[in-house]
Amino acid sequence: MAYSADVTAGLTYVSSSDESGSTPPSKAFDDSLADASEWRAGATEIGALANGVSYVGVNFGAGNEKEIRRISIRQGRNGAGSRYVTSVLFQSSSDGAAWTTRATINSLTAGDNNDKDIGASAAYQYWRFLANSAEQSGVDTWVVVEAEMKIILANVGSGLTTGLKLERLRLVA
């Protein structure tokens, strides 16, 4: 399978909240790994309060639904080793209200790219990462440094025929 590049650029972003308005959800999808460019959950979602509450995601817009098949998430403060969760639910929704879990990602760590292939489902308008554990320091909010979503590329060949063009076929007896 061949995947697209990240499809989250230039969209409407959603989150449970953000810390003091200075860390909007768009920063989780901006292709930057800098500490100054990260989404942080709001102050009411500290430690165990992040579990099942804190989320960040994308609204692809009506008529532009996507079937996401591969995700990547980098979380926690770069180099600080905190402000991360160990489990995330990846969810989809048609209306931004009723959510269905498409994947559970466990054993997450801070600072690493955590990649996962997602099984086939359908195209949805909304996709999000939902904290499925407490924030690990217990006294801070969840931070997502960078998140990506990818789709499967259509009409891509496989094996030896990829990129080849058949010019002429000659049969010999």
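Contact here means heavy atoms within 4.5 Å. That cut-off sits behind every "touches" below, and the model is a predicted one.

**View 1. Valine 14 on strand S1 and the residues it touches.** Valine 14 belongs to strand S1. Skip its neighbours within four places in sequence, and valine 14 is in contact with Pro25, Tyr55, Val56, Gly57, Val58 and Asn59. Pro25 is worth picking out: 11 residues separate valine 14 from proline 25 in sequence, while their C-alpha atoms are 6.1 Å apart in space.

**View 2. Serine 15, one more residue of strand S1.** Serine 15 is also found in strand S1. Is serine 15 buried or exposed? Buried means under 20% relative accessible area, and serine 15 has 18%, so serine 15 counts as buried. Residues up to four places away in sequence aside, serine 15 touches Pro25, Trp39, Tyr55 and Val56. A polar atom of the serine 15 side chain also lies 3.1 Å from the backbone oxygen of serine 17. On the pairing side, the bridge partner of serine 15 in S3 is valine 56.

**View 3. Strand S3 with a partner on either side.** Look at S1 and S3 here: they run antiparallel and are joined by four bridges. S3 (residues 55–59) also pairs with strand S8 (residues 126–131), again in the antiparallel sense, over five bridges. Which residue of S8 is the bridge partner of asparagine 59? That would be tyrosine 126. As for cover, four of the five residues of S3 are buried, making the strand mostly covered.

**View 4. The five-stranded sheet, end to end.** Zoom out a little and the strands line up as S1-S3-S8-S5-S6, an open sheet with antiparallel pairing. Strand S1 (12–15) and strand S6 (100–105) are the edge strands, and each of them pairs on one side only. From one strand to the next, the twist averages 20 degrees.

**View 5. The four-stranded sheet and its edges.** Here the order is S2-S9-S4-S7, in another open sheet with antiparallel pairing. Strand S2 (39–40) and strand S7 (114–117) stand at the edges with a single partner strand each, so one side of each has no neighbour in the sheet. S2 and S9 pair over two bridges, in the antiparallel sense. One residue to look for is tryptophan 39, whose bridge partner in S9 is valine 144. Trp39 turns up in View 2 as well, among the residues that serine 15 touches.

**View 6. The largest nonpolar core.** Nonpolar side chains tend to be buried together in soluble globular proteins. In this model, the largest nonpolar core has 28 residues, and those touching the most other members are Phe29, Phe90, Phe129, Trp142 and Met149. Which elements give two or more residues to this core? They are S3, strand S4 (70–75), strand S5 (88–93), S6, S8 and strand S9 (143–150).

**View 7. Phenylalanine 90 and its contacts.** Leave out residues up to four places away in sequence, and phenylalanine 90 touches Ile68, Ile71, Thr100, Thr101, Arg102, Ala103, Ile118, Trp127, Arg128, Phe129 and Met149. Two of these, Phe129 and Met149, are named with Phe90 among the core residues that touch the most other members.

**View 8. Phenylalanine 129 in strand S8.** Phenylalanine 129 lies in strand S8. Its relative accessible area is 0%, so phenylalanine 129 is buried. Alanine 147 is 18 residues away from phenylalanine 129 along the chain, and the two C-alpha atoms are separated by 8.8 Å.

**View 9. The whole chain, for context.** How many helices and strands does the protein chain have? Zero helices and nine strands, so to speak an all-β run of elements from the N terminus on: β-β-β-β-β-β-β-β-β. Of the 173 residues, 40% count as buried. Contacts reach along the chain too: among those between residues at least 6 apart in sequence, 76% join residues at least 24 apart. The accessible surface comes to about 8700 Å², and 49% of that belongs to carbon and sulfur atoms.

Methods
Residues numbered from 1 in each chain as written. Predicted model: local features only at pLDDT ≥ 70, side-chain atom pairs only at ≥ 80, totals over all residues. Heavy atoms only, no water. Pairing = 2+ DSSP bridges. Axes fitted to C-alpha atoms, helices over the stretch in contact; angles between N-to-C directions. Core = buried A, V, L, I, M, F, W, Y, C linked by side-chain atoms within 4.5 Å. Buried < 20%, exposed > 50% of the residue type's maximum accessible area, 1.4 Å probe, protein only. Areas by Shrake-Rupley, 256 points an atom, 1.4 Å probe, with all protein chains shown as cover. Polar contact = N/O pair within 3.5 Å; in protein donor to acceptor, adjacent residues only side chain to side chain.
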